Amino acid sequence: MKVNVMSDILKANDLLAQDIKEMLKKKQIVSWNIMGSPGSGKTSILERLIPMLPGDVKAAVIEGDLATSRDAERIAKTGVQSTQINTQGACHLDAAMVRTALEKIDLDDISILFIENVGNLICPAGFSLGETGRIIVSSITEGDDKPEKYPSMFKNAHVVLLNKIDLKSQTNFRIDNFTREMKKINPQADIMQISATNGSGFTELVNWVVGRLL
Ligand SMILES: Nc1nc2c(ncn2[C@@H]2O[C@H](COP(=O)(O)OP(=O)(O)O)[C@@H](O)[C@H]2O)c(=O)[nH]1
Ligand SMILES: [Mg+2]
């Protein structure tokens, strides 16, 4: 019984997600569902990336969190449209929440939408938001075993951003271990080593994002 209820919820979510996907595609907006652990650097990456986008590439951000609008306020300082969803305790965003948030964004003014999901490596993976693709942020300080331990999160990633590379020498993180496990789970995903603190890898990241505009 429980299983049936869950599968109905997922089916309803998928239908709504498909509507969102088609609507964004019609408007030629590429959308990225950004997932990762709390504190991995999702908001910091957006804060550095958005001002580096070419002037004619306008972005908007939907921020998902259990409570507070702190991340949306951080993003608003970059000058782009930014709106917060508070999930009231739910551990992931869903398509209905995103559809409501989209009503607050002028979609005719943007070509790229970033959706920062609630921070954790488990429940956001099961819920499509109608996104074009998934960006997973995994930071050096979390350890190199995360793809192996949370395969459902990593298996549908378009790119994995290995953030906090500036701290690598202070940890036992092995890039070869991480890459080997990623190749097993999801050989198509790109892996980029970046630091939202010192900006390393961001020229490559901007090129990656700009190269995938619709
Ligand atoms: N050393 C270092 N710290 C970072 C980096 N990126 C983010 N942080 C720090 O990690 C903490 C969490 O970052 P935040 O962007 O809020 O993570 P989020 O919860 O994934 O959105 C903050 O104190 C950031 O300053 C990085 O590349 N290197
Ligand atoms: Mg954040």
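Begin by selecting ligand 1 and Lys164 in this predicted model: an N or O atom in the Lys164 side chain stands 3.2 Å from an oxygen atom of the ligand. Add Ser195 to the selection; its side chain likewise offers an N or O atom, here at 3.3 Å from an oxygen atom of ligand 1. Gly41 makes its approach through the backbone, where an N or O atom lies 2.9 Å from an oxygen atom of ligand 1. Now display the whole surroundings of ligand 1, a set of 17 residues in which Gly39, Lys42, Thr43, Ser44 and Asp166 come nearest.

Keep Thr43 selected and move to the magnesium ion, ligand 2. Thr43 contributes OG1 to this ion, while Asp71 donates through OD and Glu116 through OE, and these protein donors lie 2.1 to 2.2 Å from the metal. Along the sequence, the donor residues follow the spacing T-x27-D-x44-E. Colouring by secondary structure places Thr43 in helix H2 (residues 42-49) and Asp71 in helix H3 (residues 70-76), so that a pair 28 residues apart links distant parts of the chain.

Which relative accessible area does Thr43 have? The value is 4%, and Thr43 is therefore buried, being under the 20% limit. Asp71, at 11%, is buried as well.

Next, hide the ligands and show the largest pocket, with a volume of about 330 Å³. Its lining comprises 22 residues; Pro38, Gly39, Ser40, Lys42 and Glu116 are those nearest the pocket centre. Glu116 has already appeared as a magnesium donor, and Gly39 and Lys42 among the residues nearest ligand 1. H2, strand S2 (59-65) and H3 each provide at least two lining residues, with the largest share, 3 residues, coming from H2. By class, this lining holds 4 nonpolar, 11 polar and 7 charged residues.

Turn then to the second largest pocket, which encloses about 160 Å³. Select Val57, Lys58, Ala59, Gly79 and Val80, the closest to its centre of the 13 residues that line it. The lining here divides into 7 nonpolar, 4 polar and 2 charged residues.

Finish inside the protein. The structure contains 1 cavity of 30 Å³ or more, and the space in the largest cavity amounts to about 50 Å³. To see its walls, select Ile34, Lys42, Ile45, Leu46, Leu49, Phe114, Ile135, Leu161 and Leu205. H2 gives the most to this lining, with 4 residues. Of the lining residues, 8 are nonpolar, none is polar and 1 is charged.

Technical notes. Residues numbered from 1 in each chain as written. Chains lettered and ligands numbered in written order. Predicted model: local features only at pLDDT ≥ 70, side-chain atom pairs only at ≥ 80, totals over all residues. Heavy atoms only, no water. Donors = N, O, S within 2.8 Å, 3.2 Å for Na, K, Ca; no water. Buried < 20%, exposed > 50% of the residue type's maximum accessible area, 1.4 Å probe, protein only. 1 Å grid on protein atoms, 1.4 Å probe; cavity = no way out; pocket = protein on both sides within 12 Å on 5 of 7 lines; lining within 4 Å. Points joined across faces, edges and corners; volume = space filled by probe spheres on them. Nonpolar A, V, L, I, M, F, W, Y, C, P; charged D, E, K, R; others polar. Near = heavy atom within 4 Å. Polar contact = N/O pair within 3.5 Å; in protein donor to acceptor, adjacent residues only side chain to side chain.
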